[in-house]
Amino acid sequence: MKRLLIIAALLSMIFGITAFQCGSTELTSARLYIQQENLDKAKEQLIKETQKNPKSDEGFYLLGYVYGQENDIKNMVESFEKSLKISDKFKQKITENRVFHWVENFNKGINLYNKGAKATDEETAKENYKKAIEKFDMAIIAQPDSDKAYRSKAFACINMGAPQDAIAPLEKVIEINPSGETYYHLGGIFHDKGFELKQKYEETKDEKYNTEAQNNFNKAIEILEEGRKAFPGEGKILQLLSSAYIEAGKEAIAMDVFKNAVEVEPDNKLYRYNYGVLLLGVKKFQEAEVQFKKAVDLDPEYLNALFNLSVTYIKWGSLLRQEAEEQETGSEEYKEVFKKAIPYLVKYKEIEPDEVSIYNQLVIVYSNLNMKEEANEAFKKVQELGN
């Protein structure tokens, strides 16, 4: 009933102006067939009309309308554009029709997308995502300047396991309405592909995989750098960018990028954190400590910084202990470093008391400090949360 009312409203818009105008036999017949909802006959007459009279703005407009009712959106748009090249007489109606078909196809696509997300088996999910993509494509043809259908198509592609098919629609979203989230997802596709190819190279030692991996990491870096500059507060972009540089073997460049970022914006906790991650990765523990501590100073409840600061002390302390044992110096300097981790782990535990990884870290710290009772309590918590 609702769809019939919508069609009736559209028919009213179409014929409110044109019903009593003079026209060719083909136009007159087409109008009548449309009123009778005999679309095949209407299309037949309108094709004759537009072939006989290539300057028939109404003929192309009505032909586009008929194609729209058949959900042949490509031919609908082409016919509308031909009408507009002849005159602007039907511009408003054309705009209304295109919006109508964008909404109809987009909403159907969203419904299919949601069915895919709720599906309990992979094949059903993929089938629904595939159908959703077809509807989003129709919506894109109807309204190519709206980012919503491109964005939804991209996520449908990713969810059905075809991330490479999401590249073009995500690039279009960035062109129309860029966001940090879009840069993150687009960069992530190239980052993940690079990582996949890098693993193949390590397994096969086939140089072509290494080359392809580097190409993907470089593309990820290009996209994420652009995103970082446009959306400097987007933490996920920074984390993924750090990883892309490291996986590409460009740690030195990454260091320079984030060192410069920290110098330009010293109170940016995300820059501090990501610079710290890079320093930690190359075992520059003292320098990493400075960056993580500054990030925590800027945000005392910054969980990632709290965690990685404690990891810095644990790795640093472990290295000092190993050196003392190998050199037989009897030095217990490592204990002072392990102790530094405790307040940050306790702080994290206060914020997230059910995070098992924190108790694992506490077990390591307390064990190295010979704090047996505390180590046992932390271990019990690990077992409790693990179950």
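Visitor: In this predicted model, is Leu-270 buried or exposed, and what is its relative accessible area?

Guide: Leu-270 belongs to helix H14, which covers residues 269-281. Buried status requires a relative accessible area under 20%. Leu-270 meets that condition and is therefore buried, with a relative accessible area of 13%.

Visitor: Leaving aside neighbours within four places in sequence, which residues is Leu-270 in contact with?

Guide: A contact requires heavy atoms within 4.5 Å. Once the neighbours within four places in sequence are left aside, the contacts of Leu-270 are Gly-233, Glu-234, Gly-235, Leu-238 and Tyr-302.

Visitor: How far apart in space are Leu-270 and Ile-314?

Guide: In sequence, 44 residues separate Leu-270 from Ile-314. From C-alpha to C-alpha, the two residues are apart in space by 22 Å.

Visitor: Where does Gln-45 lie, and which residues does it touch beyond those up to four places away in sequence?

Guide: Gln-45 is placed in helix H3, residues 39-52. Its relative accessibility is 13%, so Gln-45 counts as buried. Apart from residues up to four places away in sequence, Gln-45 touches Glu-26, Ser-29, Ala-30 and Tyr-33.

Visitor: How many helices and how many strands does the secondary structure of the protein come to?

Guide: Helices H3 and H14 have already been named. The secondary structure of the protein comes to 0 strands and 19 helices.

Visitor: What radius of gyration does the protein have, set against a compact globule of 387 residues?

Guide: Along the principal axes, the C-alpha atoms fill a box of roughly 105 × 45 × 40 Å. A compact globule of 387 residues would have a radius of gyration near 21 Å. For the protein itself, the value is 31 Å.

Visitor: What percentage of the residues of the protein count as buried?

Guide: The accessible surface comes to about 20500 Å², and carbon and sulfur atoms account for 49% of that surface. Among contacts between residues at least 6 apart in sequence, 55% join residues at least 24 apart. Of the 387 residues, the share that counts as buried is 43%.

Visitor: How far apart do the centres of the positive and negative side chains lie?

Guide: The protein has 63 negative side chains and 53 positive ones. The centres of these two sets are separated by 5 Å.

Visitor: How many salt bridges does the structure hold?

Guide: One network of salt bridges links Lys-193, Glu-196 and Lys-200. For the structure, the number of salt bridges is 22.

Visitor: Are Arg-228 and Glu-225 buried or exposed, given that their side chains meet in a salt bridge?

Guide: Arg-228 and Glu-225 both lie in helix H11 (residues 207-230), 3 residues apart, which is about one turn of the helix. Their salt bridge is 2.9 Å from N to O. Arg-228 has a relative accessible area of 14%, and Glu-225 has a relative accessibility of 10%. Since the limit is under 20%, Arg-228 is buried, and Glu-225 likewise counts as buried.

Visitor: Which residue forms a salt bridge with Glu-78?

Guide: Glu-78 is partly exposed, at 34% relative accessible area. Its partner also lies in helix H5 (residues 73-86), 4 residues away, about one turn of the helix. The closest N and O atoms are 2.9 Å apart, and the partner is Lys-74.

Visitor: In which helix do Glu-325 and Arg-321 both lie?

Guide: The side chains of Glu-325 and Arg-321 meet in a salt bridge of 3.1 Å, N to O. Arg-321 is partly exposed, with a relative accessible area of 28%. The two residues are 4 apart, about one turn of the helix, and both lie in helix H16.

Terms used:
Residues numbered from 1 in each chain as written. Predicted model: local features only at pLDDT ≥ 70, side-chain atom pairs only at ≥ 80, totals over all residues. Heavy atoms only, no water. Rg over C-alpha atoms; globule rule 2.2 N^0.38 Å. Buried < 20%, exposed > 50% of the residue type's maximum accessible area, 1.4 Å probe, protein only. Areas by Shrake-Rupley, 256 points an atom, 1.4 Å probe, with all protein chains shown as cover. Lys, Arg positive; Asp, Glu negative; His and termini not counted. Charge placed at Lys NZ, Arg CZ, Asp CG, Glu CD. Salt bridge = Lys/Arg side-chain N within 4 Å of Asp/Glu carboxyl O.
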